Amino acid sequence: MKIESVATERLLLHALSVAEGERVVAREPLPGERWAEGYPGVGDLASVGAFLRRCAEDGDPGAYRTYQIRLRDGGVVVGGIGFHGPPGADGGVTVGYGIVPGERGKGYASEALAAVIGIARAAGAAVLRGDADPANVPSHRVMERAGMRRAEAAGEGDGLVRFLVELGR
């Protein structure tokens with residue numbers, strides 16, 4: 001299934017195909033493809049690997065996939081963002097994201113997350129969730145800037161700080 005890329009003011013969220021994901025995991029960009037220093041990082045490798053496993057087990061996830069975060073000006077890949085899977089029984093999806101160290105602090109993560117919230121809403125999700133380590137205050141700010149609010153983590157002893165935004169159906 002071909003999913004269109006999503007453009008924001010400064011970014012292009014490029015929907016990864018299985019073949020592209022396999023190249024990311026192998027750390028083999030195509031000739032002419034530009035990856036920022038540090039891409040793919042550990043989080044990218046884990047996210048893309050999980051995307052590939054979901055595709056192999058359940059088929060193409062449609063909009064609920066992994067996206068490369070590319071700069072519109074030059075096309076350099078500066079990170080990734082994606083869904084942990086399709087909506088659960090409550091209509092909720094979880095998102096994760098990361099930007100290479102040299103490109104952090106420029107608002108790219110907030111811009112990409114706002115676009116992914118739009119993708120989730122258009123695809124019919126009811127709630128979008130994210131979490132971060134308590135010490136990762138910059139990630140907390142990313143989610144807040146994208147319109148997410150802090151949520152209670154009732155009964156979840158993993159120590160993460162949870163955020164969510166209700167999307168409606």
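Let's start with Arg10, which is partly exposed, with a relative accessible area of 31%. Keep in mind as you look at Arg10 that this is a predicted model. Arg10 sits in the loop between β1 (6–7) and β2 (11–15). Which residue does its side chain meet in a salt bridge? The partner is Glu111, with N and O 2.7 Å apart. Side chains of opposite charge can pair when their charged atoms come close. Glu111 belongs to helix α3, so the pair ties together parts that are 101 residues apart in sequence.

Now follow that link over to Glu111 itself. You'll find Glu111 in helix α3, which covers residues 108–123. Is Glu111 buried or exposed? Its relative accessible area is 16%, and buried means under 20%, so Glu111 counts as buried. Arg10, by contrast, is partly exposed at 31%. Glu111 also has a polar contact, side chain to side chain, with Thr8 at 2.5 Å. If you set aside the neighbours within four places in sequence, Glu111 is in contact with Thr8, Glu9, Arg10 and Leu11.

The salt bridge of Arg10 and Glu111 has company, since the structure holds eight of them. Another one joins Asp90 and Arg129, whose closest N and O atoms are 2.5 Å apart. This pair also links distant parts of the chain: Asp90 is in the loop between β4 and β5 (92–99), while Arg129 is in strand β6 (residues 127–132), 39 residues away. Both ends are partly exposed, Asp90 with a relative accessible area of 42% and Arg129 with 28%.

For a salt bridge inside a single helix, turn to α4, which runs over residues 137–145 and holds both Glu144 and Arg141. They lie three residues apart, about one turn of the helix. The side chains meet at 3.0 Å, N to O. Here too both partners are partly exposed: Glu144 has a relative accessible area of 36%, and Arg141 comes in at 39%.

Next up are the rings. A pair of aromatic rings is described by the distance of the centres and the angle of the planes. How many aromatic pairs does the structure hold? There are two. In one of them, the rings of Trp35 and Tyr39 have their centres 5.2 Å apart and their planes at 85°, so this pair is edge-to-face. Trp35 and Tyr39 are both buried. The other pair is Tyr64 with Phe83, where the centres are 5.3 Å apart and the planes stand at 80°, so it is edge-to-face as well. Tyr64 comes from the loop between α2 (42–58) and β3 (66–71), and Phe83 from strand β4 (residues 77–83), so this pair ties together parts that are 19 residues apart in sequence. Tyr64 is buried, with a relative accessible area of 7%, and Phe83 is buried too, at 2%.

Stay in the loop between α2 and β3 for a moment, as Asp60 is there too. Asp60 is partly exposed, with a relative accessible area of 35%. What does the side chain of Asp60 reach? One partner is the backbone nitrogen of Gly62, at 2.7 Å. Another is the side chain of Arg65, joined to that of Asp60 by a polar contact of 2.9 Å. To get a feel for the distances here, go from Asp60 back to Thr8: the two are 52 residues apart along the chain, and their C-alpha atoms are separated by 24 Å.

A similar look from helix α3 starts at Gly118. Gly118 counts as partly exposed at 34% relative accessibility. Its C-alpha atom and that of Ala89 are separated by 20 Å, with their positions 29 residues apart along the chain.

Finally, consider the empty space. Rolling a probe the size of a water molecule over the atoms shows where empty space is left. The largest pocket contains about 770 Å³ of it. This pocket is lined by 42 residues, and those closest to its centre are Gly80, Tyr97, Gly98, Ile99 and Arg104. Which elements supply at least two residues each to the lining? They are α2, β3, β4, β5, α3, β6 and α4. Of these, α2 gives the most, with seven residues.

Conventions. Residues numbered from 1 in each chain as written. Predicted model: local features only at pLDDT ≥ 70, side-chain atom pairs only at ≥ 80, totals over all residues. Heavy atoms only, no water. Helix = DSSP H or I, 4+ residues; strand = E, 2+ residues; numbered from the N terminus. Polar contact = N/O pair within 3.5 Å; in protein donor to acceptor, adjacent residues only side chain to side chain. Contact = heavy atoms within 4.5 Å. Phe/Tyr/Trp six-rings, centres within 6.5 Å; stacked < 30°, edge-to-face > 60°. Buried < 20%, exposed > 50% of the residue type's maximum accessible area, 1.4 Å probe, protein only. Salt bridge = Lys/Arg side-chain N within 4 Å of Asp/Glu carboxyl O. 1 Å grid on protein atoms, 1.4 Å probe; cavity = no way out; pocket = protein on both sides within 12 Å on 5 of 7 lines; lining within 4 Å. Points joined across faces, edges and corners; volume = space filled by probe spheres on them.
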